Every structure is written in C-alpha cells, then in structure tokens.
Amino acid sequence: MTKRHAGGAGLSPARHGVMLAAIIAVVLVLSTAIYVGVSADEGGDQKNLAGGRAPQNPAAPASTGTWVGAWSASPVGAEPGTETNGMAGRSVRNVVHTSAGGTSARVTLSNLYGQQPLNITHATLAVAATVNNAAAATDTMRRLTFDGGLSVVIPAGEQVLSDAVQVRIPHGSDVFVTTYAPTPSGPVTYHPHARQISYVADGDRTEDVSGTAYTEQSEYWRYLTALDVLSDDSAGTVVVLGDSLTDGITSTVGANHRWTDVLSERLRSAAGSGDAPRYSVVNQGISGNQVLAAGLGRPADNPSGLARFGRDVLDRTNVKAVVIDLGVNDILRNPNQVEPETITDGLRRLARQAHARGLRVVGATLMPFRGHRGYTAGRDAVRQAVNAEIRAGKVYDAFVDFDRALRDPYDPRRLRADYDSGDHLHPSDKGYKRMAEVFDLGDLKGSAPAEL
C-alpha cells in the first residue's frame, strides 16, 4: 500500500519538491512582470518635453482616497473678441489655486458658450514651480487624456471630464491646466475677474516646462471650470455660491485673498479638532450675479443663481455643504425697488434644491453699501428686511452674519472704513479676511432638515 504524504495525495517527497520549486519560479516571473509594468507606466516612451523631460503617468491607476473639488469657477459668458477664431493656434495656460491636495487629478473643460465644436488636440496639467510664474515644477508635467485619447472634441454647449492622471498636488499650490486648439472654435467660454494671472503662448506649447513662450498675461480663466483631486486629507467639498463678494473682485491679484481662500485655510488648520469638518472649498462666485435675473443670450450670460444651481453646486464633486451669499445685486440692479419677499423666496428655493440632495445650507446676511452709487434709503430697507428673515432662521439652516461683522458701528449702513475697498460695496483684503474669520466652521456639519 502506498503511503500518502501531507500536501499531495499520492506524491513522493521528490516529486513534491519539484512541484514546489516550479510554483516558486512562476511567482518570481509574475512579480517581475508586474514590476516592469509599473515602471513602464511611470515613465513610458513619451515624446520629450520642451526642456528635456517627458510627461509621465498618462492615466492614474486605482488608488485610495476621496475625490473632492480642489478648485472651481463658474462659466460666465462668451469672451468678447473671440467670436470668430476662439483661441485657435494658441496655448492657454490657466493658473488655479488648490484648496485640497491629492495623489491624482482630473479637470473639467467647458464649451458652454461656444457656437461650434471645440477641438482640443493637446492638454496638460502641471504644478507651478513658483507663484505668479508660467514655469512648471520639475517632473510634474502630465498629458491629459479623454476616454484614453489625447484629443477631444467638445460640442457647443457641452463640457467634458478628463481621465485622472497620477501626480502629487500639494494643498495650497498653483496648478497649470494648459489647452491647445488648432482650429477656430467660435466664442471662448470664460470667467473674467479671476484675480489670478494666467498665460497665453502662440503655437502648441502645452508641454513647455520653462514657461518662456508664455509672454501674454491674462486675468481670465478660459475653458477650465473645475479641478478635482483624489485627496488623502479631505472628506468632501463645500461649494460657495455667490456674486462679486465671493468672486473676490477687489482682492489683491495673485494673492488668493478672497474670503473663500481664507475659509479654506481655516478649515485645513482646524481639521480634526472640535466641530471642524475635513472639507475643501470651491468658489462659484460670479460678479454681478443675482438670485433671480440673468443676462441676455442663449445660454444666458451671467445666469441667475437659480438657473445655475444644478450645474455649479449640485454637480460639483462630492458636495457636503453649500454656502450662499446672494441678494445684493437683486436690490442694486433692479430698476424698480424689489420687494424683500421676492429675494427671500428665491433664496428659499435655492435651499430647497440643496435639501433635496440632503445638503446642509449656510447663508450670509447682506452687507451694507451706503456711499455706493446705487445706494438709496429704500434699497437699504429691503436689505435689512432680507437680513431680518435670515437672522430669524426662516431662510437657511444656519447663517453667518457678514453684515454685523463688517459694518461701521457708528453708521451701520456703511462698511467699516478699514474693511472697505473704497467703492463702499466690496471689501478690502482685510474685510475678506474678516468674513472668513467670523464663519462658524461647525455650521458646515450636520444633515439637512426635511423641510425648512
């Protein structure tokens, strides 16, 4: 009778040893193949960049983390002067400032206001080497792909999300997203009043690391509307919907002194302590924006808060809470005195849209504007009536009292002098900082009520 050995029925010790050695050899071969595959993915046989380096990691492998919004801006309209050629034959290097860091990134490009397809044949992403400069940090240049392809055609009125690329994006860094369109595409979808210097170069200079070709500066963001990161330090996104006060129209260019920038830094510094959530912040402010009325055109320039809420708030990545600071322009830009109920009803409609998605809503009181050319006693009375409803808890889940924080204690209808940019409507850098400082970070946590 044959004796059976543990580990293999009917095998002799010699044959058992041969099979074990074979298994070990197979494991070693597979391990080597995996290592080679990973190494090829991280370098690859990419075309060399200007400056001698190749763009790496055309697509990000599966990784751990949470996708959040690191930056965003609302498309506002069609850029004047681009109606015929768009930016044909030119490279557009948008510079954006991140509110969250991560290990991978992806972008959204928009042709919302285009009248014909936008053909992007080359797009890249890189981390800036220094602030307010067009040069990229060494080894951060990445080619962007779209469904695996290097080029993409964006139909008029549409947008596209890129594939993810693997690259370390530091929190609070400047990031370049550069696009090249070789053919005319009609009006350029843009966001003016960026308060950030971006760059333009002739020809396809998307992979230019040195930045020397980018001799033209611009305070517009073109085509780009969002940057998401696979974050290892943020759990979700706060979206701030607002007008010029959120857009930061009077803040220092290139300094990131909008109140939302300061709020982002506060959240990061306080994350994990007390009631502060681990959230990034994206700014969906449009100068001149109203709750109810929109500009002309189809699609409308400067769409109303109600019209753009789905796109600019609900469609952002991993939204956890919404902050709304709108209403002043409904008072200032209405040719007749608007009733306060008209504004508060519109704000409640925004809150209900958020609640339908389970999102908590924090709203801001309307700041004073005596001394501004649009000031009248009647308009100020409307502002104060709106604020009374907000403070009574009849509009939002919670509120931040920007009015009380920035008004002149000796004349509450005015901004305090050191918080005033000089136009008696928009804050100075110090005023924007104060807005963020009085924000209760704990108000961003919690669930939305079933009905307000």
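This is a short chat about reading helix packing, strands and a buried loop residue in a predicted model.

Me: Let's start with helices. How do I describe two that pack together, and what are the values for H4 and H6?

Reply: Two packed helices are described by the angle between their axes and how far apart those axes lie. Here, take helix H4 (residues 305-314) and helix H6 (residues 340-355): their angle is about 25°, and the axes are 10 Å apart.

Me: What do we call the arrangement of H4 and H6?

Reply: Angles under 35 degrees count as roughly parallel. H4 and H6 are therefore roughly parallel to each other. Their crossing is right-handed.

Me: Which residues make that contact?

Reply: From H4 you have Gly 305, Leu 306, Phe 309, Gly 310 and Leu 314. H6 brings Gly 346, Arg 349, Leu 350, Gln 353 and Ala 354. Sort the residues of this contact by type and you get 5 nonpolar, 4 polar and 1 charged.

Me: There's a loop before H4, too. Is Ser 304 buried or exposed?

Reply: Ser 304 sits in the loop between S18 and H4. With a relative accessible area of 5%, Ser 304 is buried. If you leave aside neighbours within four places in sequence, Ser 304 is in contact with Asn 289, Gln 290, Val 291, Leu 292, Ala 293 and Ala 294.

Me: Okay, on to strands. In what order do the strands of the open sheet run?

Reply: Follow S18-S17-S19-S20-S21: those 5 strands form an open sheet with parallel pairing. At the edges are strand S18 (279-285) and strand S21 (398-400), each pairing on one side only. Ignoring direction, neighbouring strands of this sheet are turned by 25° against each other on average.

Me: How many bridges link S19 and S20?

Reply: Strand S19 (residues 319-325) and strand S20 (residues 360-364) pair in the parallel sense over 4 bridges. Look for Ile 324, which stands opposite Gly 363 in S20.

Me: Where do the side chains of a strand point, say in S10?

Reply: In a regular strand, side chains alternate between the two faces of the sheet. Strand S10 (residues 165-169) shows the alternation: Val 165, Val 167 and Ile 169 point to one face and are buried. Gln 166 and Arg 168 point to the other face and are not buried.

Me: And which strand pairs with S10?

Reply: That's strand S4 (residues 102-110), which pairs with S10 in the antiparallel sense over 3 bridges. Gln 166 turns up again here, as the bridge partner of Ser 104.

How values were computed:
Residues are numbered from 1 along each chain as its sequence is written. This is a predicted model: local features need pLDDT of at least 70, side-chain atom pairs count only at pLDDT 80 or more; totals for chains, interfaces and linings use all residues. Side-chain values use heavy atoms; hydrogens and water are left out. Axes are lines fitted to C-alpha atoms, for helices over the stretch in contact, and angles run from 0 to 180 degrees between N-to-C directions. Angles under 35 degrees count as roughly parallel, over 145 as roughly antiparallel, 65 to 115 as roughly perpendicular and the rest as oblique. A crossing is left-handed if the near helix is turned anticlockwise from the far one by less than a right angle, and right-handed if clockwise. Contact means heavy atoms within 4.5 Å. Ala, Val, Leu, Ile, Met, Phe, Trp, Tyr, Cys and Pro count as nonpolar, Asp, Glu, Lys and Arg as charged, and the others, Gly among them, as polar. Two strands pair if DSSP finds at least two bridges between them. Buried means under 20% relative accessible area, exposed over 50%, partly exposed in between (1.4 Å probe, protein chains only).
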